[in-house]
Amino acid sequence: MSIAKRAIPEATSIEEANQIVRGNWLNVIEEHHLKYSGNCQVNDILDIGCSVGVSTRYLAEKFPSAQAVGLDLSPYFLAVAAQKEEKLSRPKPIRWVHANGEATGLSSDSFDLVSLAYVCHECPARAITGLVKEAFRVLRPGGTIALTDNSPKSKVLQELSPVLFTLMKSTEPFLDEYYMLDLEETMRKVGFVNVCSVLTDPRHRTVTATVPY
């Protein structure tokens, strides 16, 4: 909840901030897929690093006919995600998978959309590359990858006071590696095409790309 409120401080409520932050992110994903997928429908979604399932549920609601899978390395986060999902009724309940995002064990060419929401800044550069490679493997031709996270070009983040920036880095040990990595070029080297980066709110970018046919 704090992610959205910090990004949209003028919002009158956390709910309004979430609708703006998550809505912009989902719209970028949908627009990219419609433009580049070659009429490939979103039938299967994988949300890597899903935590307690917040982003997974937004994806499932945006694409209600799709089967969504939330994957995380923490069984504790997944237990909370599953418990929250029990209270909801969907035509296709979300499936939760305990696995490493760099080696999911899921079948190749089995998803139309792979999402990583606020995951990459938590990882060293080698892990980000591993996550992108695994997303490429499990996506079908025409499939879309979407990574949303802190934007190195965000003026809000660039203008943080030294005290706040030091405080943020104290809990984010891989932040320097994330900012120094050329994410778009990493995606191209793995094999993705149509790599696009959009500032979806004052703090965050969403980078989308396509698996070629």
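Student: What makes strand S5 (residues 139–150) and S7 a pair?

Tutor: Two strands pair if DSSP finds at least two bridges between them. S5 and S7 have 7 bridges, in the antiparallel sense, so they count as a pair. One of the contacts in this pairing sets Asn150 as the bridge partner of His204 in S7. Keep in mind that this is a predicted model, where local features need pLDDT of at least 70, side-chain atom pairs count only at pLDDT 80 or more, and totals for chains, interfaces and linings use all residues. Residues are numbered from 1 along each chain as its sequence is written, and side-chain values use heavy atoms, with hydrogens and water left out.

Student: What is on the other side, between strand S6 (residues 193–199) and S7?

Tutor: S6 and S7 pair in the antiparallel sense over 5 bridges. Leu199 stands opposite Arg205 in S7, and a hairpin of 4 residues joins S6 to S7.

Student: Why is S7 (residues 204–210) called mostly covered?

Tutor: Buried means under 20% relative accessible area (exposed is over 50%, partly exposed in between, with a 1.4 Å probe and protein chains only). In S7, 7 of its 7 residues are buried, so the label fits.

Student: How do you know that both faces of S7 are covered?

Tutor: In a regular strand the side chains alternate between the two faces of the sheet. His204, Thr206, Thr208 and Thr210 on one side are buried, and so are Arg205, Val207 and Ala209 on the other.

Student: Why does the radius of gyration of the protein chain agree with a compact globule?

Tutor: The radius is taken over C-alpha atoms, and the globule rule is 2.2 Å times the number of residues to the power 0.38. With 213 residues that gives near 17 Å, and the chain has 16 Å, which agrees.

Definitions and conventions
Helix = DSSP H or I, 4+ residues; strand = E, 2+ residues; numbered from the N terminus.
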